[in-house]
Amino acid sequence: MDNNRFKESQNFDNLESNKANNPNLDTNPNQLAKDYAADMRSKNQEATHEGFMNHGKNTCPPDDWSNKQKEYDDAWKRNAEQVSGDDE
């Protein structure tokens, strides 16, 4: 008897289903920065670096945050440069 079976949601052959079941599996920090800024604008609130980093920390698995923190910080800086370039 094989007790070492994966659940279907853990099947490595079923990547598209896995991504659909776990949206944080394939996050793009640049898109998250844009979405965060747009969400804050829609709420008439200021998008801040600290707020975005907290948002990123909450969307990222806890054990993965230390690896992705610089990625999110860089995405914030790139997005802030694009926004300031659009305002000119």
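Contact, as I use the word in these entries, means heavy atoms within 4.5 Å. The model I am reading is a predicted one.

**Entry 1: Asn30**

I began with Asn30, which is found in helix α2. Leaving aside residues up to four places away in sequence, I find that Asn30 touches Ala75 and Arg78. I then looked up two C-alpha distances from Asn30. To Asp73, which is 43 residues away in sequence, the distance is 9.7 Å. To Asp74, which is 44 residues away in sequence, the distance is 8.5 Å. Asn30 has a relative accessibility of 27%, and I note it as partly exposed because buried would need a value under 20% and exposed one over 50%.

**Entry 2: Asp74**

I looked up the other end of that second pair. Asp74 lies in helix α4, which covers residues 65-87. Its relative accessibility is 25%, so Asp74 is also entered as partly exposed.

**Entry 3: the chain as a whole**

I stepped back to the fold. The protein chain holds four helices and zero strands. In sequence order I read the pattern as α-α-α-α. The chain has 88 residues, and 23% of them count as buried. I also checked the contacts between residues at least 6 apart in sequence; 39% of these join residues at least 24 apart.

**Entry 4: α2 against α3**

Two packed helices are described by the angle between their axes and the distance between the axes. For helix α2, residues 29-42, and α3 I noted an angle of about 125° and an axis separation of 11 Å. Oblique or roughly parallel? At that angle α2 and α3 are oblique to each other. I recorded the crossing of α2 past α3 as right-handed. On the α2 side the contact is made by Pro29, Leu32, Ala33 and Tyr36. On the α3 side Gly51, Phe52, His55 and Thr59 make the contact. Sorted by class, the contact comes to five nonpolar residues, three polar ones and no charged ones.

**Entry 5: His55**

I followed up one residue from the α3 side of that contact. His55 sits in helix α3. Its relative accessible area is 31%, so I list His55 as partly exposed. His55 and Ala33 are 22 residues apart along the chain, and I noted 9.3 Å between their C-alpha atoms. Both His55 and Ala33 are in the list of residues that make the α2 and α3 contact.

**Entry 6: the faces of α3**

Which residues of helix α3 are buried? For this helix, residues 49-59, I listed Phe52, Met53, Gly56 and Thr59. Looking down the axis of α3, I find these buried residues within an arc of 130°, so they line one face of the helix. An α-helix has 3.6 residues a turn, so residues three or four places apart point the same way. On the face of α3 turned away from the buried side I noted the exposed residues Glu50 and Asn58. Phe52 and Thr59, from the buried list, also appear among the α3 residues in contact with α2.

**Entry 7: Asn44**

Last, I looked into the loop between α2 and α3, where Asn44 is found. What is phi of Asn44? I read a value near 55°, which is positive in a residue other than glycine. Buried or exposed? Asn44 has a relative accessible area of 74%, and I entered it as exposed because that is over 50%.

Terms used: Residues numbered from 1 in each chain as written. Predicted model: local features only at pLDDT ≥ 70, side-chain atom pairs only at ≥ 80, totals over all residues. Heavy atoms only, no water. Buried < 20%, exposed > 50% of the residue type's maximum accessible area, 1.4 Å probe, protein only. Helix = DSSP H or I, 4+ residues; strand = E, 2+ residues; numbered from the N terminus. Arc of directions from axis to C-beta. Axes fitted to C-alpha atoms, helices over the stretch in contact; angles between N-to-C directions. Parallel < 35°, antiparallel > 145°, perpendicular 65-115°, else oblique. Left-handed = near helix turned anticlockwise from the far one by under 90°. Nonpolar A, V, L, I, M, F, W, Y, C, P; charged D, E, K, R; others polar.
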